[in-house]
Amino acid sequence: MDWMLKDLADGVPHVRHIVVLSADGLRMAQYGAGTDAADRLAAACAGLQSLAAAVGHEFPYGDRRMRLVVIEMGGGFFYLMAAGARAYLAVLADEGVDAGLMGQRMRDLVARIGEHLSTPPRRAEQVV
């Protein structure tokens with residue numbers, strides 16, 4: 001998966017970090033970030049996708065699933081996209097990023113490898 005994440009970073013100028021994570025905030029893959037930074041980002045994303053799901057309940061006729069969250073802050077942008085069953089793709093990018101290109105490239109990546117990013121739900125008897 002590393003080369004696909006590198007392809008996203010190389011194809012969109014100003015990308016800083018890319019993390020693939022499970023719904024419960026475990027890092028599955030990363031590019032451009034150290035392990036500690038990727039783990040922190042993955043954990044934060046778990047809370048963010050949960051918050052987005054809660055907001056989704058306010059749309060009674062939708063499927064209530066988060067598809068994309070974009071946060072603009074001083075210094076850059078954060079993108080979180082659903083990338084398969086219980087898996088997400090997160091990207092941090094500098095201010096100069098082309099938002100349209102980023103969204104398109106993230107959707108393309110998810111379409112290519114989304115089924116490989118899915119994580120099964122954890123069951124209580126699996127926890128050690």
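Biologist: In this predicted model, which residues does M102 touch, leaving aside those up to four places away in sequence, and what makes each of them a contact?

Modeller: M102 touches V12, V15, Y79, V91, A93 and V97; contact means heavy atoms within 4.5 Å, so each of these residues has a heavy atom within that distance of M102.

Biologist: Why is M102 placed in a nonpolar core?

Modeller: M102 is listed in the largest nonpolar core, which has 22 residues, and is among those touching the most other members, together with L8, I18, L89, V91 and M106. A core of this kind takes buried residues of certain types, Met among them, joined through side-chain atoms within 4.5 Å, and buried means under 20% relative accessible area, so M102 must fall under that limit.

Biologist: Which elements supply this core?

Modeller: At least two residues each come from α1 (2-11), β1 (15-22), β4 (76-82), β5 (87-94) and α3 (99-117), and α3 gives the largest share, with 5 residues. A second, separate core has 16 residues, including L21, A23, L41 and Y88.

Biologist: Turning to Q30, what makes its approach to R27 a polar contact?

Modeller: The side chains of Q30 and R27 are joined at 3.2 Å, and the cut-off for a pair of N or O atoms, one able to donate a hydrogen and the other to accept it, is 3.5 Å, so the pair qualifies. A polar atom of the Q30 side chain also lies 2.8 Å from the backbone oxygen of A33. Q30 itself belongs to strand β2 (residues 27-31).

Methods. Residues are numbered from 1 along each chain as its sequence is written. This is a predicted model: local features need pLDDT of at least 70, side-chain atom pairs count only at pLDDT 80 or more; totals for chains, interfaces and linings use all residues. Side-chain values use heavy atoms; hydrogens and water are left out. Buried means under 20% relative accessible area, exposed over 50%, partly exposed in between (1.4 Å probe, protein chains only). Helices (H or I, at least four residues) and strands (E, at least two) are DSSP runs, numbered from the N terminus.
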